[in-house]
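Subject: Structure for your review

Hello,

Here is the structure I said I would pass on. Please look through it before reading the notes below.

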Amino acid sequence: MDNITNFPRRTAEAARYDEGLRRHMLGIYRNMGIGLAITALVAMGIASSPPLVALIFGTPLKWVAMLAPLAFIFFFQFRIDRMTTATARTTFFVFAAVMGVSMASIFLVFTGASIATAFFAASAMFLGLSLWGYTTGKDLSGLGSFLLMGLIAVMVMSLINLFLGSSTLQILFSILGVGVFAGLTAWDTQRLKSEYRYYAGSQAPGAGGEKLAVMGALSLYLNLINMFQLLLGLFGQREE
């Protein structure tokens, strides 16, 4: 009798949880989408301005443009706990703008058609894998350590190739990189879903969940951006 009496309450709680999870994931994708739009606008704006191109990529400022996104990621990792939600979101959008500065050079190297093709291919992969990570009943947590090792391998190979300049090694780590970030997309999506479950069960709703959405947006944003860059490097047609 108790089970029958409690069934409507459990059903209502499940419905509230599902609605909260849906809003949380939509918040992640919304923040990510805004970040991608900022990156694209900044990159295209700089690429279309010869004076800015000369200032940034024709001087030692190019190293600042290349390394600044990495500095922002480390800043996020060490400061996120002490940030307000508004500060975290603003920092993410500033990071997206800085990434746009760094990525402006691709418009100088690759054709517009190649850039568009690589972006749509990466977006399609991302959407499919993120949807699978969200809906699958398979536990993907065991992939975490494997994907981390793959990510480290990609970073080491890319650093080595800075000195070797091997086209074969470039192709190898690009293919490996696409696989790693594809796996991370599904893994991160399921992880974010699980984090919400923990958050919803242990804390009262509030700004903490919004900050969690910003960090989730950063993770997924980086996966898509890296897949896009690697696909562009593999298949992109260069300007003549």
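The notes below cover the aromatic pairs, the nonpolar cores and one charge over a ring.

Please keep in mind that this is a predicted model.

Aromatic pairs

The structure has 5 aromatic pairs. In one of them, F92 and Y221 meet edge-to-face, with 5.7 Å between the ring centres and 85° between the planes. This pair links distant parts of the chain: F92 belongs to helix α4 (residues 85-103) and Y221 to helix α9 (residues 207-235), and the two are 129 residues apart. F92 has a relative accessibility of 0% and so counts as buried. Y221 is buried too, again with a relative accessible area of 0%.

Y221 also pairs with F95, edge-to-face, at 5.8 Å centre to centre and 65° between the planes. Since F95 is in helix α4 and Y221 in helix α9, this pair ties together parts of the chain that lie 126 residues apart in sequence. F95 has a relative accessible area of 0%, and is therefore buried. Taken as a group, F92, F93, F95 and Y221 are joined into a cluster by ring pairs.

Nonpolar cores

The largest nonpolar core holds 49 residues, and the members that touch the most others are M32, F92, Y221 and F228. F92 and Y221 therefore appear in both places: they form an edge-to-face pair, and they are listed among those four core residues because of the number of other members they touch.

Several helices contribute at least two residues each to this core: α1 (2-47), α4, α6 (112-135), α7 (143-164), α8 (167-202) and α9. Helix α9 gives the most, with 15 residues.

What does F92 contact, leaving aside its neighbours within four places in sequence? The residues are N31, M32, G35, F76, V214, A217, L218 and Y221. M32 and Y221 on that list are also named among the core residues that touch the most other members.

Another core lies apart from the largest one; it has 5 residues, including I46, I56, A65 and A104.

Charge over a ring

Where does the charged end of K193 sit? It is placed over the ring of Y134, 4.5 Å from the ring centre.

Regards

Notes:
Residues numbered from 1 in each chain as written. Predicted model: local features only at pLDDT ≥ 70, side-chain atom pairs only at ≥ 80, totals over all residues. Heavy atoms only, no water. Phe/Tyr/Trp six-rings, centres within 6.5 Å; stacked < 30°, edge-to-face > 60°. Helix = DSSP H or I, 4+ residues; strand = E, 2+ residues; numbered from the N terminus. Buried < 20%, exposed > 50% of the residue type's maximum accessible area, 1.4 Å probe, protein only. Lys NZ or Arg CZ within 6 Å of the ring centre and 35° of its normal. Core = buried A, V, L, I, M, F, W, Y, C linked by side-chain atoms within 4.5 Å. Contact = heavy atoms within 4.5 Å.
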